[in-house]
Amino acid sequence: MIVVMSQGASSDELENVKEHLSKRGLKVHMSEGIERTVVGVIGQIYPELQSELELMDGVGEVVRISKPYKLASKEFKSDDTVISIGEAGVKIGGGEFVVFGGPCAIESEEQVMETARAVKKSGATVLRGGAFKPRTSPYSFRGMAEDGLKLMDLARKETGLPLITEVMSERDVDLVAQYTDVLQVGARNMQNFALLDEVGRTTKPVMVKRGFSATYEDWLLAAEYVMAGGNKSVILCERGIRTFETFTRNTMDLNAIPVIKQLSHLPIVSDPSHGTGKWDYVTPLACASVAAGADGLIIEVHPRPETAWSDGAQSLTLENFDALMSKVRAIRSAMSDQP
Ligand code: PEP
Ligand code: MN
């Protein structure tokens, strides 16, 4: 349920509404929009509550939210959420576009520095890289853990690029949050509810990647976990889903972009690297995602993909990433000319 305060409502009237709700054991989430103040009500809502609230001074409208996810829904918050990343204050959402570029996994100082410098020069504004890698086989390279985070920190110090990296387990949240600017919850962990709860308690933005077989509702409910924990800075990431087609690693679900924009106020990023699994399809799907309205891209880049310790087949060379960025700029400018 949401309580939309009327335009001239006083702060006392708002306080009275909040007190009425908290006395009844209900949780209150505030959304101060440009036009209106909205009080989100979460908890055991009883039938009389709507009319009780409607009778209170300063209340404009009381609306029941029909979706199972509340805080993530457009019904709760109609303005797009704009998230600020790192000390650099890189913005995503509400028309602000971000490219996260970098290797799948951090392998060495040389590799991360070379990649960070190059992606920055090409126009990326956040550095990606994995230090804790979810691998299908336990015998594959599983990441450099804290040593990898330290190398990312070096790259941030030199380039000024904020960082995004995956946190795989609730026990690593504090450690990873010390280093990174955005916490990434991977596709395999999208329904790891203990992890979602834990990242929800941090103050760092969280990117929730879509699970292989998650519906839009499952995915938005995963975002809801993080938001219900108190962390409203959630970015969604479409990274392809499992379908009957096995020629590509996954199938990019481009439908997700306009659908999520309609259902939610949260920014949505596209990951055509994991979505296709093959580097030569990454640029076309990146372009299509931008045209479909994505708020950002996350792209795997490696100076020598043939030697990469993970996901080399889908990684762009530095040159190919530069070419992708030129195309993306052209599409963005064509889109902004549209009414
Ligand atoms: C990654 O970003 O490297 C990754 C493992 O992604 P996903 O969780 O989407 O597979
Ligand atoms: Mn990867």
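The exercises below concern the overall form of a predicted model, one of its strands and one tyrosine.

Because the model is predicted, local features need pLDDT of at least 70 and side-chain atom pairs count only at pLDDT 80 or more, whereas totals for chains, interfaces and linings use all residues. Residues are numbered from 1 along each chain as its sequence is written, and side-chain values use heavy atoms, with hydrogens and water left out.

**Exercise 1.** Determine how the radius of gyration of the protein chain relates to that of a compact globule.

*Solution.*
1. The radius is taken over C-alpha atoms, and the globule rule is 2.2 Å times the number of residues to the power 0.38.
2. For 339 residues, the rule gives a value near 20 Å.
3. The protein chain has 21 Å, which agrees with a compact globule.
4. Along the principal axes, the C-alpha atoms fill a box of roughly 65 × 45 × 45 Å.
5. Of the 339 residues, 51% count as buried, that is, under 20% relative accessible area, with exposed meaning over 50% and partly exposed in between (1.4 Å probe, protein chains only).

**Exercise 2.** Establish whether strand S7 is enclosed or open, and identify the strands to which bridges join S7.

*Solution.*
1. Strands are DSSP runs of E with at least two residues, and helices are runs of H or I with at least four, numbered from the N terminus; the protein chain has 11 helices and 14 strands.
2. Five of the five residues of S7 (residues 98–102) are buried, so this strand is largely enclosed by the rest of the structure.
3. In a regular strand, side chains alternate between the two faces of the sheet.
4. On one side of S7, Val98, Phe100 and Gly102 are buried, and on the other, Val99 and Gly101 are buried.
5. Two strands pair if DSSP finds at least two bridges between them.
6. Five bridges join S7 to S14 (residues 296–300), and these strands run parallel; Phe100 stands opposite Ile298.
7. Two bridges join S7 to S8 (residues 126–128), also in parallel, with Leu127 as the bridge partner of Gly101.

**Exercise 3.** Describe the setting of Tyr225: its element, its accessibility and its contacts.

*Solution.*
1. Tyr225 lies in helix H7 (residues 216–228).
2. Its relative accessibility is 33%, so Tyr225 counts as partly exposed.
3. Contact means heavy atoms within 4.5 Å; not counting residues up to four places away in sequence, Tyr225 touches Phe193, Leu196 and Asp197.
4. Tyr225 and Gln191 are 34 residues apart in sequence and 9.6 Å apart in space, C-alpha to C-alpha.

Notes
Chains lettered and ligands numbered in written order.
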